[in-house]
Amino acid sequence: MVNAQDGQPVSPAANFAVQAVRRTLGRATDVDACVALTGQVNDLLRQAAQHLQQGGASLACKAGCNFCCHLRVMVLPHEAIALFRHLHSGMPEPIAQRVRARLRERVAAPGVAGAPGTPRQACAFLDGGQCTAYEVR
């Protein structure tokens with residue numbers, strides 16, 4: 001497959017991502033389709049990690065590690081929708097209230113998260129050192 005804009009070859013991973021989005025969101029763009037797409041991508045990443053480990057690679061990421069939860073990341077629209085659904089129906093209400101409070105604080109705070117001079121913040125979904133949205137991240 002070749003990129004239509006620049007004629008460069010597209011990696012197998014990028015091709016998979018494009019096809020998964022087309023298959024899933026090409027049929028529907030409702031919340032269920034967005035959650036399904038997020039699940040497909042998570043399954044693929046889990047399979048890739050298992051394949052790497054079977055090949056002898058050592059992965060630093062493990063349960064209890066929250067290093068990545070302090071990095072600035074992009075959230076794609078289908079991921080935001082899956083997180084929104086999980087926040088409103090997939091987690092215990094006391095935890096959801098704390099996550100919502102952190103999200104409101106971030107929206108009200110001046111500046112852009114990750115901009116130069118802005119201190120790093122943990123992900124709003126990180127609660128007590130654990131990811132509260134692990135299933136849909």
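**Questions about a predicted model**

Me: Why is V73 called exposed?
Reply: V73 has a relative accessible area of 56%, and the cut-off for exposed is over 50%. So V73 passes and gets the label exposed. Keep in mind that this is a predicted model, so the label describes a computed structure.

Me: Where does V73 lie?
Reply: In the loop between helix 2 (31-54) and helix 3.

Me: Which residues make the nonpolar surface patch with V73?
Reply: F67, L71 and V75 join V73 there, and the patch comes to about 380 Å². To join such a patch, a nonpolar residue needs over 30% relative accessible area; V73, at 56%, clears that bar.

Me: OK, zoom out. What helices and strands are there in the chain?
Reply: You'll find 4 helices and 2 strands. Going along the sequence, the order reads α-α-α-α-β-β.

Me: How do you know that the span of helix 2 agrees with its residues?
Reply: Helix 2 has 24 residues, which at 1.5 Å a residue should span 34 Å. The C-alpha atoms at its ends are 35 Å apart, so the two values are taken to agree.

Me: And helix 3, how do you know about its span?
Reply: Same kind of check: 13 residues should span 18 Å, and the end C-alpha atoms are 18 Å apart, so that agrees too.

Me: Which residues of helix 2 are buried?
Reply: A33, C34, L37, T38 and N42. Just after helix 2 comes G56, which takes a positive phi of about 100 degrees.

Me: Which are the buried residues of helix 3, then?
Reply: H78, A82, L83, H86 and L87. Their cover includes helix 2 and helix 4.

Me: What makes up the largest nonpolar core?
Reply: The core has 9 residues: A82, L83, L87, M91, A96, V99, F125, A133 and V136. Helix 3 (77-89) and helix 4 (93-108) each supply at least two of them. Helix 3 gives the largest share, with 3 residues. To belong to a core, a residue has to be buried and joined to the others through side-chain atoms within 4.5 Å.

Me: What does V136 touch?
Reply: Leaving out residues up to four places away in sequence, V136 touches T38, N42, A82, L83 and H86. Of these, T38 and N42 are buried residues of helix 2, while A82, L83 and H86 are buried residues of helix 3.

Me: Why does R102 count as buried?
Reply: R102 has 17% relative accessibility, and buried means under 20%, so R102 makes the cut. The place of R102 is in helix 4. Its contacts, not counting residues up to four places away in sequence, are A124, L126 and D127.

Me: What makes R102 and D127 a salt bridge?
Reply: The N to O distance between their side chains is 3.3 Å, and the limit is 4 Å. That is within the limit, so the pair qualifies. R102 lies in helix 4 and D127 in strand 1, so the bridge ties together parts that are 25 residues apart in sequence.

Me: What about R98 and D127?
Reply: Their side chains meet in a salt bridge at 2.7 Å, N to O. R98 is in helix 4 and D127 in strand 1 (residues 126-127), so these parts, 29 residues apart in sequence, are tied together.

Me: Why is D127 called buried?
Reply: Its relative accessible area is 14%, and buried means under 20%, so D127 qualifies. R98, at 39%, is partly exposed.

Me: What joins R98, R102 and D127 into one network?
Reply: Salt bridges that share partners. D127 is the residue found in both the R98 pair and the R102 pair.

Me: How many salt bridges does the count come to?
Reply: 3 salt bridges. Another of them has the side chains of E93 and R100 meeting at 2.8 Å, N to O. E93 is partly exposed at 39%, whereas R100 is buried at 18%.

Me: And how much of the chain counts as buried?
Reply: 18% of the 137 residues. The accessible surface comes to about 9800 Å², with 61% of it belonging to carbon and sulfur atoms.

Terms used:
Residues are numbered from 1 along each chain as its sequence is written. This is a predicted model: local features need pLDDT of at least 70, side-chain atom pairs count only at pLDDT 80 or more; totals for chains, interfaces and linings use all residues. Side-chain values use heavy atoms; hydrogens and water are left out. Buried means under 20% relative accessible area, exposed over 50%, partly exposed in between (1.4 Å probe, protein chains only). Contact means heavy atoms within 4.5 Å. Patches are made of residues with over 30% relative accessible area and no salt bridge: like charges are joined within 9 Å, nonpolar side chains (Val, Leu, Ile, Met, Phe, Trp, Tyr) within 5 Å. Accessible areas come from the Shrake-Rupley method with a 1.4 Å probe; for residues, only the protein chains shown count as cover. The expected span of a helix is 1.5 Å times one less than its number of residues.
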